[in-house]
Structures are given as structure tokens and as C-alpha cells.
Amino acid sequence: MRMNEETFLKVEHLRKEFDLKVSWIKAIFKGKKKTVKAVDDVSFEIKRGETLGIVGESGSGKTTLGRTVIRLIEPTSGKIIMDNTDLTKLKGDVLRKARRDFSIIFQDPMASLNPYMRIGKIVSHPLEIHNIGTKQERKEKILSLFEKFNLTPPEEFYNRFPKYLSGGQRQRVVIARALITNPKFIVADEPTAMLDVSVRSQILKLMIQVKEEFKLTYLFITHDLAGAKYICDRIGVMYLGRIIEIAKKEDIFKEPLHPYTKILMSAIPIPDPNTKREKLMPKGEIPSATNIPKGCRFHTRCPFAKDICKEQEPELRDIGGRLVACHLV
Ligand SMILES: Nc1ncnc2c1ncn2[C@@H]1O[C@H](COP(=O)(O)OP(=O)(O)OP(=O)(O)O)[C@@H](O)[C@H]1O
Ligand SMILES: [Mg+2]
């Protein structure tokens, strides 16, 4: 399939289901196995050089989506077209080669760095896997990246172990490792969530800087709406495995359309104490992803739900250039 030149990533009807293990006794007495629909029919596009944010509360499927898009997790079904290549069809050596082109930055820099390896070796690892450069060339490339990332003196950082770095420095190393193979696409899964507030904005700035320099396209997963406002071009809102609204960030922040997006936005503190805004609250808890409500999946918590919402699942519809899945909009 030939895509619009502008489109870098096109995800179509992506699903990821996890089968939960149940004991054989339960399986016999209670019948069929339980399935978690972590990503449940998700479609979207990202333009080349664009940053698409994915927001939504815990358990909505953001991480599963991010990992499935780069095939760290195998999709149950659906299509992922990246840079005119159908990733879902790649196997073996071809898939391994394609992996140079995309990376992921995880939330917890400590957990994603092997504590027994020196920093230089950690960052060099992807180059070794893909057989890029000689030993000397790899080292030079890493040292120059460290210099750029303020990990100085670079030689010193090259030989250090992760535990002797601050949280912000560790995340810089994680970003360096993600960039070392010159990828085109990065999934960042809450890259600042574990960091001290004071270093969060530095890491976001670094991500913006390298995006320009390396001509990257980002899928940026976050809980932090202020961070999303800062770094993203468009934002997709996820609820129970599905994107329920996707639009330019200005539209999402100025005039959220889906009731769930309205609720998320009303939770952001307003700096000006004189401005009043209605605080909206969802009803009850997020339902289990093993038992997604019939009809609109948000109706059980929606303050505005009508009868139709209990019966029919709303599709994402184009409303003035943005996509919203709600019967009431
Ligand atoms: N390997 C797995 N096996 C079974 N269920 C899983 C697995 N991974 C994720 N899930 C389930 O899939 C759903 C989505 O999880 P996911 O981690 O993608 O959410 P999330 O939006 O990233 O949440 P958070 O904001 O807490 O990181 C959850 O119900 C989770 O329990
Ligand atoms: Mg997550």
C-alpha cells in the first residue's frame, strides 16, 4: 500500500489480547479462559517528524500500544505500516534489520540499564547487534553523543556503572542508546515519570532538540498532560484499549469534545486562582479490561450518558477535522 508522502506511520485496526492463565479447576467449572483486550481496535497515523502523544489513565493500554507498534509485543491482529513497509509482515532477519529504524525509551532508566555493564558498553550494544562500525568507530560515536548530551567528560561516563549516575543522567544514557543506531522513530513510554521535577523539563528539551537534529518521529506516551502540551503536536486519548479522541493539541486543550477528555482536562490545575472551571468527575472505577462494557465503553462512568450509549459502540467520527468517538458530540 502506498501512503501519503507525509504519513510516516499508519496503524490500522490494531488489537492486542492477552490470555490470562486460569487454574484448570476454574477452567473446568467456570468455562472459557479470560482475555484482556489491552489494545482493542486502534487506528491512527503519524506524519513524518510529528509527535503524537498518547494519554489516558493507568491500564488504558498505552504501554501495550507503544510496544505493539514496534513489535516488541506481537499484535493479535491489525496492520502497522512504517515508512511504507508493512511491519506486521516482517519476520526473522528482515525484522531484525528493520529494528535499527526504531527504538523505545522506557519509563524507569534504572530498570532499563544493566547494572553490571559499563555505560559505554550499554550504549554500544545496539551497534554490536546490528554490526555497525568498528570498535573504534563505535566508541567515537558514543563519546560524541555523550558530549552533546552533557555527559562530560565523556570518557569518564563511558567507563562508569549506572549506579554512579543521577536519574537525569541515566535517562540521557537511555536516550543516547535509543539514538545510537540513527533510528527514524521513537516510542517514548513516560520517559520523565520517574524523574525529579527539576530534571523533567531538561529531558523534554533534550528530546525536542534531538528530534530536530535526528529528524525523528515520536509516539510519546504520558500521564503528564502539561508535558504532553509542551512536546506533542497531536494527542490521542485512550480509554480501555481504544482511542476515543484524537486531535491537534491546541484543540484538545482548548476545547475537549469527548466527555472523558473533558474530565482529564478539568483535572489540570489552573495557575490563575481567579479563573473558575467546572470540575468534572468520572463515576466509579475504570472497569476491568477483561470485561469491557457493551455500547460506549465509557458509558458506565460518563456523567452525560444516554440510552444509546449503553447500546451502540460509537465509532471515531470526523468532527471539524478531529476524530471523536461519542454519540453525544
Ligand atoms: N503481559 C500481560 N499479560 C496480561 N495482561 C496484561 C499484560 N500487559 C498488560 N496487560 C493488561 O493490559 C491492560 C493495559 O495495560 P498497559 O500496561 O498497556 O496500560 P497503561 O495504559 O500503559 O497503564 P500505565 O499508565 O499504568 O502504565 C491492563 O489491563 C493490563 O493489566
Ligand atoms: Mg504504561
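**Two sheets and the helices around them**

Let me begin with the open sheet of eight strands, whose order is 6-7-8-3-9-10-12-11 and whose pairing is mixed; here two strands count as paired if DSSP finds at least two bridges between them, and the strands themselves (E, at least two residues) are, like the helices (H or I, at least four residues), DSSP runs numbered from the N terminus. At its edges lie strand 6 (102–105) and strand 11 (317–319), each of which pairs on one side only. On average, neighbouring strands of this sheet are turned by 20° against each other, with direction ignored; axes are lines fitted to C-alpha atoms, for helices over the stretch in contact, and angles run from 0 to 180 degrees between N-to-C directions.

Before going on, I should say that this is a predicted model, in which local features need pLDDT of at least 70 and side-chain atom pairs count only at pLDDT 80 or more, while totals for chains, interfaces and linings use all residues. Residues are numbered from 1 along each chain as its sequence is written, and chains are lettered from A and ligands numbered from 1 in the order in which they are written.

Staying with the edge of that sheet, strand 11 pairs with strand 12 (residues 322–324) in the antiparallel sense over three bridges, and Asp 318 has Leu 323 of strand 12 as its bridge partner. Helix 7 packs on this sheet, where it touches strand 6 and strand 7 (185–189), and its direction makes about 170° with that of strand 6; contact means that the C-beta atoms of two residues, placed from the backbone, lie within 7 Å.

Which helix runs alongside helix 7? The axes of helix 4 and helix 7 (residues 167–179) come within 7 Å and cross at roughly 30°, and that makes helix 4 roughly parallel to helix 7 (angles under 35 degrees count as roughly parallel, over 145 as roughly antiparallel, 65 to 115 as roughly perpendicular and the rest as oblique). Helix 4 contributes Ile 119, Ile 122, Val 123 and Pro 126 to this contact, and helix 7 contributes Val 173, Ala 176 and Arg 177. By class, these are six nonpolar residues, no polar ones and one charged, where Ala, Val, Leu, Ile, Met, Phe, Trp, Tyr, Cys and Pro count as nonpolar, Asp, Glu, Lys and Arg as charged, and the others, Gly among them, as polar.

Helix 4 (residues 119–129) also packs with helix 5 (residues 135–148), at an angle of about 120° and with their axes 10 Å apart, and these two helices are therefore oblique to each other. Gly 120, Val 123, Ser 124 and Leu 127 of helix 4 meet Arg 138, Lys 139 and Ile 142 of helix 5, a set with three nonpolar, two polar and two charged residues.

Now to the other sheet, which is open and antiparallel, with four strands in the order 2-1-4-5. Its edge strands are strand 2 (34–47) and strand 5 (85–86), each pairing on one side only. Strand 4 (residues 77–82) is joined to strand 5 by two bridges, and Met 82 has Thr 85 of strand 5 as its bridge partner. Helix 2 (residues 62–69) packs on this sheet and touches strand 1 (7–20), strand 2 and strand 4, with its direction at about 60° to that of strand 2.

To finish with the whole, the protein chain has twelve helices and twelve strands, and along its principal axes the C-alpha trace spans about 65 × 60 × 45 Å.
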